[in-house]
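Reader: I am in my first year and would like to take a close look at a single part of this structure. Could you walk me through one chain slowly, starting with its cysteines?

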Amino acid sequence: MTLKRLFWTAGLVGLVPLAIGLYLRITSGHELAAYGSIVPWGLWVAQYIYFIGLSAGAFLLSSLVYVFGVKRFEPIGRLAVFTAIVTLLLALFTIWMDIGHLERFWHVFVYPNFASPMAWMIWLYTAYFLLLVVEFYLLMRRDLVVARRMGGWRGRVAAIASLGSRDDSDAGLARDMRLVKPLATIGIPLAVLFHGGVGALFGVIAARPYWHSGMYPIIFLVSALASGGALLAVASSIFQEGWREHREMIRDLGRVVLGLLLLDALFQASEIIIGLYGAEPAYVASLNLAIGGPYAWVFWVVQVGVGLIVPVVLLAAPTRRDARWVTLACAAVVVGFVGVRLNVVIPGLSVEEIRGLTTAFDDPRIRSDYFPSLFEWLVSLGIGGLGLIMFGLGEVFLPLSRHLPRPGARA
Amino acid sequence: MEAGQVSRRELLKSAAAGATVGTMAAASAVATATEPVRKHHWGMVIDTQRCVGCEACVIACKIENQTPPGVFYTVVTREALPGARNDRPVFMTKPCFHCEQPPCVDVCPVGATYKRKSDGIVVVDYDRCIGCRYCIVACPYGARWFDFGDDYELQPAAGETISPEYRQYRVRTPDGSPVGNVRKCTFCLHLQDEAGEYDREAGRWPACAKTCPAKAIFFGDLDDPDSEVSRILRERNAIRLKEELGTEPSVYYLI
């Protein structure tokens, strides 16, 4: 109960910086941002790939339930799809703030460039978003029909969300679930392609040796699964009945997250060792920035400490048997992966492409060091708060973890 | 009945195939008819032995293109060569290289930046660009700049800032393009005449090359064997930066 109150408070407090940040973004554009023409992408792009990774990861894990029929994860199936929708919306909102002309986002649909990985990524996640919404509607429809009978404001919301459907029969539910399986199956390659596409967006850039590797799309997918799985474990121990009801499942989820974390660490290590051994100067310069630069603590403390060592220890030690420790470990992963995403974007950009370019002028937009401005933090924290609110609303209005009793059974 | 259906289907098939081929042929015919043929390959040869690092090119460029703070279509870097004394640095003026294989063009999600078919100049369509800055990330040469909407505190006496870029003569406003867009060197293409020709005698020549007091910046048509740039490239040893990326820059350096 106190955890839920803390949750709502954090979410509502987060709306204040969001309002201020949005106002500043609308009135002053990018003037207050700290990124420039040398480091053109900053906190917001890192946050975008963070959220979009959570979305792809949560969705792919939901396929365990809806495609592969893994019964033990059934209670988080709908929560996983809901998480995928919320985090995708947060990701899209973040990247929308980041583009120079908010009003032109639709250009990517009418002026396509088939050679651009970014264009493909946007088309694919648009398809992915539509698929998520349809799948989630099918998963929720029967319960929304049941819920609208409960009356009150929750009932009214359910009536709207059910899009006027009144069919609460078991046959209707079975029909919905028959449609869910092919949808969820199509969703797997779609999620793999679009999140692999996010990795490819970085990987294809030959000008940035730090990113230019065939491993990049693969690492993105594994990180997505690890962080998405961790977020699901945290969400299912907070929401609905919470960890007390889901002990068994949270422990299982912890095992999955542990495996994915170790796989992710293996891939990252491979990438780093090959890069260091090759000793390509720009690659080494970027890596040095990440592990020994002014923000090396993001790598050692956030990414490796909080995001890897703490959760691996907690998930491997006897603490793995206690759902509360597993939740804590997964929360550490969710926090630590912020560091992973920051260390993808910024060290890749913070190296001079042409020697002397950043010392040719004394200009705040022509610097290779970057630390987000207050304005960027406000928008970022605000979007985080918005995410908490959206999760909270889902908790209140949507029966996510179990099917509601049928009306006949209630009597 | 059965045979009739098949033949009907085959008829439709061949009709569809014929239509497709016809459309494609027509489309390619229209493309060849309307796409301008390559008339020039504008490029530069920059003599680092002559450059004194005065930055007159930077100032001339800013005045010509009326660029805001933080946007420099050309820069001058000053780096001591390894082992050399710092009082003899190598100066290098660096505009956009207008690569033959520009990585910035491929990555643009909306096709807002492209290489002009007629003369190879890489341009930005300010009205289409969404400001995602992927092209800045993809450019290996740091030749692209985001217009953050920053302005110089001291405005010119005339008041409004009007840039002649692309001959669009946009009046600078706080949020209208090119604010929020990526900007770059255009080889001062607004100084070309209607036929796409520059004229050095008439002063219609890229501002940096026109201004350089040390005459270190040569500009011209790399496709024309009689041009000054082609002649220099035949006579002297030139390099291009980051050849290994396969970008084929149109700007050469004499070292």
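Author: B:C188 counts as buried in this predicted model, since its relative accessibility is 6%, and a residue is called buried when that value is under 20%. The cysteine sulfur closest to that of B:C188 belongs to B:C61 and lies 6.3 Å away, which is too far for a bond. A disulfide is a covalent bond between the sulfur atoms of two cysteines, and the cut-off used for such a pair is 2.5 Å. A second cysteine can be read in the same way: B:C132 is buried, with a relative accessible area of 10%, and its sulfur is 6.2 Å from the closest cysteine sulfur, that of B:C108, so this pair too is too far apart for a bond. When the search is extended to the whole structure, over all chains, the number of disulfides found is zero.

Just before B:C188 in the numbering comes B:F187, which is found in the loop between strand 9 and helix 5 (207-211) of chain B. The phi angle of B:F187 is near 55°, a positive value in a residue other than glycine, and B:F187 is buried, with a relative accessible area of 1%. A positive phi also appears at B:K215, where the angle is near 50° and the residue is again not glycine. B:K215 has its place in the loop between helix 5 and strand 10 (217-221) of chain B, but B:K215 is exposed, with a relative accessible area of 58%, whereas B:F187 is buried.

Another backbone feature to look for is the cis peptide bond that joins B:S177 and B:P178, with omega at about 10°. B:P178 sits in the loop between strand 8 (170-171) and strand 9 (182-184) of chain B.

It helps to set these details against the chain they belong to. Chain B has six helices and 12 strands, and 50% of its 255 residues count as buried. Among the contacts in chain B with a separation of 6 or more, 61% are between residues 24 or more positions apart.

B:T247 can serve as an example of how sequence and space are related. Its place is in the loop between strand 11 (238-239) and strand 12 (251-254) of chain B, and B:T247 is buried, with a relative accessible area of 3%. Although B:T247 and B:H98 are 149 residues apart in sequence, their C-alpha atoms are 9.2 Å apart in space. Leaving out residues up to four places away in sequence, B:T247 touches B:C99, B:E100, B:Q101, B:P103, B:P140, B:Y141 and B:K242.

B:W145, which is found in strand 6 (residues 144-146) of chain B, may be set beside that example. B:W145 and B:G120 are 25 residues apart in sequence, and the distance from C-alpha to C-alpha is 20 Å. B:W145 is buried, with a relative accessible area of 1%, and a polar atom of its side chain lies 3.4 Å from the backbone oxygen of B:A143. Once residues up to four places away in sequence are set aside, the residues that B:W145 touches include A:S37, A:L357 and A:I366 of chain A, as well as B:F72, B:Y73, B:I136 and B:R183 of chain B.

B:R183 comes up again at B:S163, a residue of strand 7 (residues 162-163) of chain B. Apart from neighbours within four places in sequence, B:S163 is in contact with B:N65, B:Q66, B:Y169, B:R170 and B:R183. The side chain of B:S163 reaches the backbone oxygen of B:N65 at 2.9 Å, and B:S163 is buried, with a relative accessible area of 8%.

Finally, you can look at a place where both chains take part, the second largest pocket, which holds about 1100 Å³ of space. Its lining is made up of 36 residues, and those closest to the centre of the pocket are A:R355, B:E79, B:L81, B:M92 and B:L241. At least two lining residues come from each of helix 10 (281-292) of chain A, strand 2 (75-79) of chain B and strand 3 (90-94) of chain B. Sorted by kind, the lining holds 23 nonpolar, four polar and nine charged residues.

Note on methods:
Residues numbered from 1 in each chain as written. Chains lettered and ligands numbered in written order. Predicted model: local features only at pLDDT ≥ 70, side-chain atom pairs only at ≥ 80, totals over all residues. Heavy atoms only, no water. Helix = DSSP H or I, 4+ residues; strand = E, 2+ residues; numbered from the N terminus. Buried < 20%, exposed > 50% of the residue type's maximum accessible area, 1.4 Å probe, protein only. Polar contact = N/O pair within 3.5 Å; in protein donor to acceptor, adjacent residues only side chain to side chain. Contact = heavy atoms within 4.5 Å. 1 Å grid on protein atoms, 1.4 Å probe; cavity = no way out; pocket = protein on both sides within 12 Å on 5 of 7 lines; lining within 4 Å. Points joined across faces, edges and corners; volume = space filled by probe spheres on them. Nonpolar A, V, L, I, M, F, W, Y, C, P; charged D, E, K, R; others polar.
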